[in-house]
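This report describes selected features of one protein structure for a reader who is meeting it for the first time. Please keep the sequence and the model at hand while reading.

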Amino acid sequence: MDSLWRQTAAMPRFAPLEGDRAVEVLVIGGGIAGLLCAYALKQAGADCLLVEAGTLCGGVTGNTTAKVTSQHGLLYDRLMRVRGLEAARQYLEANEAALDRYRRLCRNIDCGFREQDSFVYTLDRREPLEREVRALERIGFPAELVTALPLPFPTAGAVRFPRQAQVHPLRFLSHIARDLRICEHTKVLELRPGAAVTNCGAIRAEKIVAATHFPLLNKHGSYFLKLYQHRSYVLALRNTPDFQGMYVDGSGSGLSFRRWGELLLLGGGGHRTGKQGGGWRALEDFSREMWPQAKRVGRWAAQDCVTLDGVPYVGRYSASAPGLYVATGFNKWGMTSAMAAATVLTDLLQGRDNPYRALFDPSRSILRPQLAANALEAAASLLTPTVPRCPHMGCALKYNAQERSWDCPCHGSRFGEDGCLLDNPAADGLSGPPGAP
C-alpha cells in the first residue's frame, strides 16, 4: 500500500537524459537530499543538473513521517559526551536553521506546513530526560521536561521542543522540483574523475554530489563500514484520539505518534534491515488493543541509514575522490538533516567555508563502538553458507516474511521475490527470482 503522501500528491515528471552533457555540478539522486541540494545550488546561481535512476521521491523520501524537527531523539546529551559541547551546539544550530528555512519556503507553498511541539518520551526512566534537558540548557535551547502526556499508556515524562513542524513532504518537494533541471530514468553506471556514465549518455561535471541514500562507491570512504540501515513502519489510522504534538520513544525502539488531519500516523516496529522485528504486526496489535474502533487507511515502511555517532556524513566523499561529495546517514531525521546538508554542500561546492563543515565531515574519526558491531555483522553474514546472496558485497540475504522481500543484514539492500531491486546500495537486482522460503 502506498504511503499517505503518495496517495495525495503527484511529483512532476521529467524526460531521461538525451546524449552527452556538460554541467558545473551533477547531483545524483532524486530524493529529498538531492532535490534540496539542487534547489539550493540553483538559488546560488550554479549550473546544476540532477539525475535520478527511477522517478523523483520513488524511494525513502515518499515514506517518511515528515517531522520537521531538530529534536532527533535523546541526542544532545550523548553527542555532548561523545563529541563535546561545541559539536552539540552546532548540530542544534544547523537543524534549527534548516527548520527556519522550511518556515520561509513554505509561506508560499501549499504543503500543510504546521508548527507543532515535539516530544521525546521514556516509559519508565526519567534520568535520561533530565540529562537531555541539562545538556540543552548548556547549549541555551528552551527545552522543557514535562510529565503529563496525552499518550494512551503511562510514561516517565518527555522532553519538549517548542515550535517544531510537520509538512506534506511530496507537496513541498513537487514545488521545489518543478523549475529544476532534472533527468529521470537516468541511471549512473560508472563514476570517473569529472564525469559520470549513465544509461543515456555521459555527463561531464566539475563537481558531483552523491545523494543516493546509501553511497554508491565502495572503494572510497568506507561507508560500507560506517553505515547500516534500519527499517521502520507506519500505520495511518482513522477514529483515534485527537492529541496534538509529535511524539517518539527515546529508546529508539518504541512507538511514534503524529496527526495528519483526521488521521493518526502510528510508527514503530523497527529493526535493523535483515533482522527480525515487530513490523506492521506490532503496530496493528497495539492499535487493536488501544483503539478497537480504529480503521487502518494506509500503511508503509521506511529505511534509514544510521551513522556511527548519530551525525550525518555531509561533505567530501573521501580524500581519494576529488570533486566528489556526499550526503547520507540522516538517522531517521532526513527532513531537517537534508535541508542542513543542502546548505553545507552549497557552500563547499561554491568554494565557501561553512561553520558546520567539520561537524558533518565524512572523514571524521570512525573509532566508535558501532563500527565493531557493523564489522561483526558483515563478517557473520559473509560466512553464512546460504543462498541467495547480495550482489553488493556478497552477504547472505534473509527473508522478510511481512514484506515478502529478501533483505541484506550487512548494508540494507532489499530485493523482491522476483529478484528486483527494492533498496540500495546494490546497483542491480538478483540474477534470478529467489522466490520465498
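Strand β4 (residues 114-122) pairs with β6 in the antiparallel sense over eight bridges. Here helices (H or I, at least four residues) and strands (E, at least two) are DSSP runs, numbered from the N terminus, and two strands pair if DSSP finds at least two bridges between them. The structure is a predicted model, in which local features need pLDDT of at least 70 and side-chain atom pairs count only at pLDDT 80 or more, while totals for chains, interfaces and linings use all residues. Residues are numbered from 1 along each chain as its sequence is written, and side-chain values use heavy atoms, with hydrogens and water left out.

**Strands and their partners**

Within the pairing of β4 and β6, S118 stands opposite F161 of β6. Strand β4 also pairs with β12, in the parallel sense and over four bridges; there, F119 has Y247 of β12 as its bridge partner.

F161 belongs to strand β6 (residues 157-166). With a relative accessibility of 0%, F161 counts as buried, a term that means under 20% relative accessible area, whereas exposed means over 50% and partly exposed lies in between (1.4 Å probe, protein chains only). Contact means heavy atoms within 4.5 Å. Not counting residues up to four places away in sequence, F161 touches S70, Q71, Y76, L92, D117, S118, L136, F141 and A143. By contrast, I182 is 21 residues from F161 in sequence and 36 Å from F161 in space, C-alpha to C-alpha.

Another parallel pair is formed by strand β1 (residues 21-28) and β2, which four bridges join. In this pair V25 stands opposite C48 of β2. In a regular strand the side chains alternate between the two faces of the sheet. In strand β2 (residues 48-51), C48 and L50 point one way and L49 and V51 the other way, and all are buried.

L324 has its place in strand β17 and is buried, its relative accessible area being 7%. Leaving aside neighbours within four places in sequence, L324 is in contact with L191, I208, L217, R316 and Y317. The C-alpha atoms of L324 and E206 are separated by 9.1 Å, although the two residues are 118 residues apart along the chain.

**Helices**

The expected span of a helix is 1.5 Å times one less than its number of residues. Helix α2 (residues 32-43) has twelve residues and should therefore span 16 Å; its end C-alpha atoms are 16 Å apart, which agrees. Helix α9, with 16 residues, reaches 21 Å from its first C-alpha to its last, close to the 22 Å expected.

How many of the residues of α2 are buried? Ten of the twelve are, so α2 is largely enclosed by the rest of the structure. The buried residues of α2 are I32, A33, G34, L35, L36, C37, A38, Y39, A40 and L41. Helix α9 is mostly covered, with 15 of its 16 residues buried.

Each of these two helices is followed by a glycine: G45 comes after α2 with a positive phi near 90°, and G351, just after α9, takes a positive phi of about 80°.

Helix α4 (residues 85-106) contains N95. N95 counts as buried, at 1% relative accessibility. Beyond residues up to four places away in sequence, N95 touches S70, H72, T336 and S337.

**Loop residues with positive phi**

The table lists two residues that have a positive phi although neither is a glycine.

| Residue | Phi | Loop | Relative accessibility |
|---|---|---|---|
| N239 | about 70° | between β11 (228-238) and β12 (246-249) | 43%, partly exposed |
| K332 | about 80° | between β17 (324-328) and α9 (334-349) | 34%, partly exposed |

**The cavity**

On a 1 Å grid over the protein atoms alone, a cavity is a set of points where a 1.4 Å probe fits but cannot get out, and lining residues have an atom within 4 Å of a point. Grid points are joined across faces, edges and corners, and a volume is the space filled by probe spheres set on the points.

A search of the whole structure finds one cavity of 30 Å³ or more. The largest cavity has a volume of about 30 Å³, and its lining consists of K226, L308, Y313, P362, R364, S365, I366 and R368. These lining residues divide into four nonpolar, one polar and three charged. In this grouping Ala, Val, Leu, Ile, Met, Phe, Trp, Tyr, Cys and Pro count as nonpolar, Asp, Glu, Lys and Arg as charged, and the others, Gly among them, as polar.

Conventions:
On a 1 Å grid over the protein atoms alone, a cavity is a set of points where a 1.4 Å probe fits but cannot get out, and a pocket is an open set with protein on both sides within 12 Å along at least five of seven lines; lining residues have an atom within 4 Å of a point.
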